[in-house]
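Dear colleague,

Please find the structure below for your records. My findings come after it.

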Amino acid sequence: MPKSTLRAHLDDLIARAEQGQAVPVRKDLRGCKGCKEKMLQKVRAASTQADEDRKAQRGLVLVLMRARSSKQYYRAGPTRKIQKALERGGYRVTWHDLDFRKRKHDGQQDPKCLRCRPAAVASIVAELPEKPQVIMKWEEHGCLLTDKNWRQVVDWCYKNGIVPVNVDYGYLDHYKTFGFDPCRPDGSSSVYDTIESVSRKAPDWPTAHPRIGAYVDKMETIKQAALSQGPMPELEGKKYVVLWPSFSVYLAREPFKVAGDKHAWAAFVIDKIVKAGYTPVLKQGPIGGPHAPPGCVELRGRDKQVNARVALFAHNNIVGSSTVTNEFVMWGVPCTALGRSWFAGQDVFYEPETWGDIVEPAPVIQGGRNRYLNWWLGMEWYPGPETPVALDRAIDRTYPFVLPGAGADAPEPAKDKPLSRQWTSYERLLRRWCQKIKPKRIFEWGPGRSTEIMAEECPDAEIICVEHDLKWHKKRVEELAGKATVHHQRIGNDRYAHYPIRKELGKFDLVFIDGVERCGCLLHAPQILSDRGVVLLHDANRKGYQAAMTGYRVAEQTGRTRALVPKSRPVGGPAITSSEPAVTAICPTYGRAGLLDEAVSSFLAQDYPNARMLVLNDAPEPISSPWPNVEVLNVPKPINTLGRKLQMLLEHVDTPLVSRWDDDDLYLPWHLSEAVGQLLEDGAARIIINDWTWFVDRHQDSWISKLAWRGWREGALTAYTDTLKEYGGFEPKRRGSGIALCRKIAHDGLLTRGARPKWKASLIRRFGLDGQRLTSTTSSTEFRERNTDYGDGQLRQVSLASYADRLLEGAPKHIAAGSVVKLREALGAWK
Amino acid sequence: MPDLTDEKLDEFAGVMISKGLAPWLAVTTKEQQAKALALAAATDSFNFAGGFADPNDGIKASARLVEKIAAKIGIDLDAEIDA
C-alpha cells in the first residue's frame, strides 16, 4: 500500500481548494454517502458480531427471591418482565425462594424453602444442571438491605467464581428501570460508586429518552394541577409537616432507629412534629403502614395528584427511604430523609444528624438532585433495545474481583467439600495483623475460632485466653490443647476484664477482644500491651463500645472488626533531623504514556536533590527508564484499584519520606523542596498537603486558568513513610484512599497544610486534558478501555515550556502582580 | 465569510477535543488517528463548507483546523500513513 503523510494530504487539499476543486460533490457536503454507508455497515457488523459473542458467553442466572411479604405480589408483573429481558439477552434463568419461612395457610415452615445461608445456596447450586454465572438477590430495596446472611452468601459467591448481583425490584416496578448492582466483596451494593461519577448538571430531558419527555410532562401537569387546586380539604389553612413512612422501620439510619415496630417509629416522628408546633400528616401508600396516632391527619392511596397536593403545600416532607423520591425531586419540594436509600449522602435531600433537626426544612440543593436524576436517566429502561446490558456491565465490573478464575474457567462448586469458615470479617484482619506484627505473646478475651486462627498463623507464639463460661471453657481446653492456655474466670466485679493484670500475665503483642465485658477489656488492654502491641476488637461497630474506644486510634477496620492502638503511644516515630532527607515520589500509571512523560519530566526538573521516583505500571506494555533515579515496577496483570497500586508502591519505599506523584498531573519545580521544608519546619506534623492547586477547568480549553481551593488534594501529599504505614496505608479503594488515610492522620493532629503563599501552589491538576473524564470513570474496566496510550516502552524527558507560558497567562486573574513576577522567576527550570 | 483566524481555529480545536466533539479520536493508534483526520478534512466532517460563501474556503479552513487538532493531540504531520 502506498505511503503518504497527513501534511501531504492537507497540502493537497488546500492546493485543490485554491483551484476551486476541493468542494465535495455532494449536496449535504458532509461526507460521501457511499463511504459512510460502508463504514456504518462495518461498524454494525462488528457490533452484531460482538453482541453474538456476548450472547454465547451468557450463562445461567439463579434468582433468589427473598420476599418479605406476599409471594404472589412479588411474582407479579416485574418478575415476568425481568425474566423475559434476561432470556432475550441470552441468559437462562432459574428461580428459587429464600427466607420465605412461613406458609400462609398453616404458619408452618415450608420444607422446600431455604434460609439465606451459604450452605443453603450451595445446596441449590448443586442441584442445578450447570454452575450459574450470576446469583441475583431479588428483594424490594434489595440494594440497600445487606445483612450478615447475605454477606456470607456474597463471600461464598466470590470464592466460587459466581457474580453476586442485587436487583432492585422497586425501581423496575415503579419507574420501569433496571437496577442491577454488583455486590462488593463485603456484601454491600456498589450503587454509590455509580452515582458518584454522575454529572451534577441539569439533565437534558428532551434527548434523554423518548419516554422521559412524557414522564416529565406528566409530572409537570400534575404539579400545575395541584397548585391550582390548592391543598387537600382536610389540610386547608393548616401549617403541616408530612411523614411518608414506607419501609422506615427497616431502612432508618442512625440515630433515627427506634426500638419497636413501625407504629412506634411513626409515633416517635409524629411526636417531634407536634412538639415543633405543626399539624402532623401521615401519608401512606395503598398497602398497610403504621397507625396514625390521635390528632394526626391520615391520608392513604397512590394517587400522584393527591401526593402532589399534599407535598407541595407542606411546610416540610419527611421520608424514610425512596418513597416518591423521583416525584419530590421533579416537583422541587423540600424534603428531609431519615433512612437509607439511593440518595444517601448525595445532597439529594436534607439528611440531618439529630432528631432536633428533622422538622424544619433545609434549602433544596439542585446540583445533588440533578445528579440523582442523571443517574436515574442513565439506567436501562424496560424493555430497552437490547437488554440486559446493565447486567453485563454489572458482571464486567465484578469479574476482576471474583476469585479464583471466574467465568467459564471457574471450578465447579464442590458438593462434598465442607464450606469454608472464612465468612467472618475478623478472620482476614486477624490473619493480616498476625502476619504483620508476628506476635510473640497473644492474649485473648473469649477464645474460639479466632484462637485457632492465631495458633495457625503464629505457631511459635504463646497464646493465653480467658473464658467466663464454664462449659465453653471445658470444651475449648480440650480443643485448644497444645495450642493455647485457656483460663476460666467468672464475670462480676470487673474480675474477668482485669484478669490478665491481676494474675500478672505480663505484656502481649496482640490482644484480641471477643468475649464479654468488652468495655472493661478495652479499658484494661493498654496496661498489658507491649510497645508495639495492637488490640483487635470484634463487633466494634456496637454503640456501647464507642465510648471505651476513645482512648484508641483506629489503625485498620475491616467489616465490624477494628485494629486499635492506644492514643498515648507516640505516633509517627521521631522527627527527621537531617536537612535534606531522601524522598520517594510514588507514581501509579496505566496507559498514559504521553502524560506520564510530562509528569516524569516535571519530576526531573525538581530543585530537591535527594529524590527518586518509583513508577508502578500495570499496563500490558512494560516501560523502562533511562534515569537511575526513576525506577519502574512493571506488573503484567492489571491491579483493580488505585488504592492497591498505591499500597504496593508504599511497601516498596525505603526512604524516610514519600510523596505522591500523579501520572496525569504536573508538579512545579519547587514541589518537593517546599513540601519537605515545611514538613521538617513544623516538627510535629508527619504529613503535608497544600490545598491550593493550579487547575485546568475541563469545560474550557486546556489552559491553566484557575488557582483554586478544592479541598484536600491527595495528589499533593508528602509524608513520613513510617507514619503512612503505621496508619494502615492506602485502602484498596478505587478513589479517595489517600483522603481516607489523611483524615485518619489529621484526626491525631499530625497533618499540616503548610503556610505558603498561594502562588507557590505546586500541583497542576490536569482534569480531562484530552477531553475524556480520565479521573472519574465508573469502573476500572472503563478506565482501561479509555487509557490505551502505551507509548513505545521508554520514558522520555519532554519540554514543559508551553505549560509555563500558560501558567503565567492564567495567573494574573487570580494572584497579585508581584507574585506573578516571582512566579516567572521561579519557573526558570521550565523555560 | 466567518473570520477564522489562527487563534480562533486553535481555540476551536481545543473545544472540539475537550468537549469530546471529535469522535474520530476514539481510534487507538496515532496512525489511525492521522488517517481519520485526513478523511475528516477531505470529507469536511466539520461541515465548514456550508458556512462559507465559497465552499473551497471552508475546505481550506477545515484543513487548517485539522492541523491544529493534530498539533494538540501530538500527531506528527510528517509521519507516514497509508495513502
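The notes that follow cover conventions, overall make-up, the nonpolar cores and one helix contact between chains.

This is a predicted model, in which local features need pLDDT of at least 70 and side-chain atom pairs count only at pLDDT 80 or more, while totals for chains, interfaces and linings use all residues. Residues are numbered from 1 along each chain as its sequence is written, and chains are lettered from A and ligands numbered from 1 in the order in which they are written.

Chain A has 29 helices and 31 strands (DSSP runs, H or I of at least four residues and E of at least two, numbered from the N terminus). Of its 831 residues, 39% are buried (20 or more other C-beta atoms within 10 Å of the residue's own, with C-beta atoms placed from the backbone).

The largest nonpolar core (buried Ala, Val, Leu, Ile, Met, Phe, Trp, Tyr and Cys residues joined through C-beta atoms within 7 Å) has 59 residues. Ile586(A), Met613(A) and Ile687(A) have the most contacts inside it. Helix 22 (residues 593-604) of chain A gives the largest share, 6 residues. A separate core of 41 residues includes Leu251(A) and Phe313(A).

Between the chains, helix 1 (residues 6-18) of chain A packs against helix 2 (residues 30-42) of chain B at about 5°, with axes 10 Å apart (lines fitted to C-alpha atoms over the stretch in contact, angles running from 0 to 180 degrees between N-to-C directions). The two helices are therefore roughly parallel (an angle under 35 degrees).

Kind regards

Notes
Parallel < 35°, antiparallel > 145°, perpendicular 65-115°, else oblique. Buried ≥ 20, exposed ≤ 12 C-beta atoms within 10 Å, placed from the backbone.
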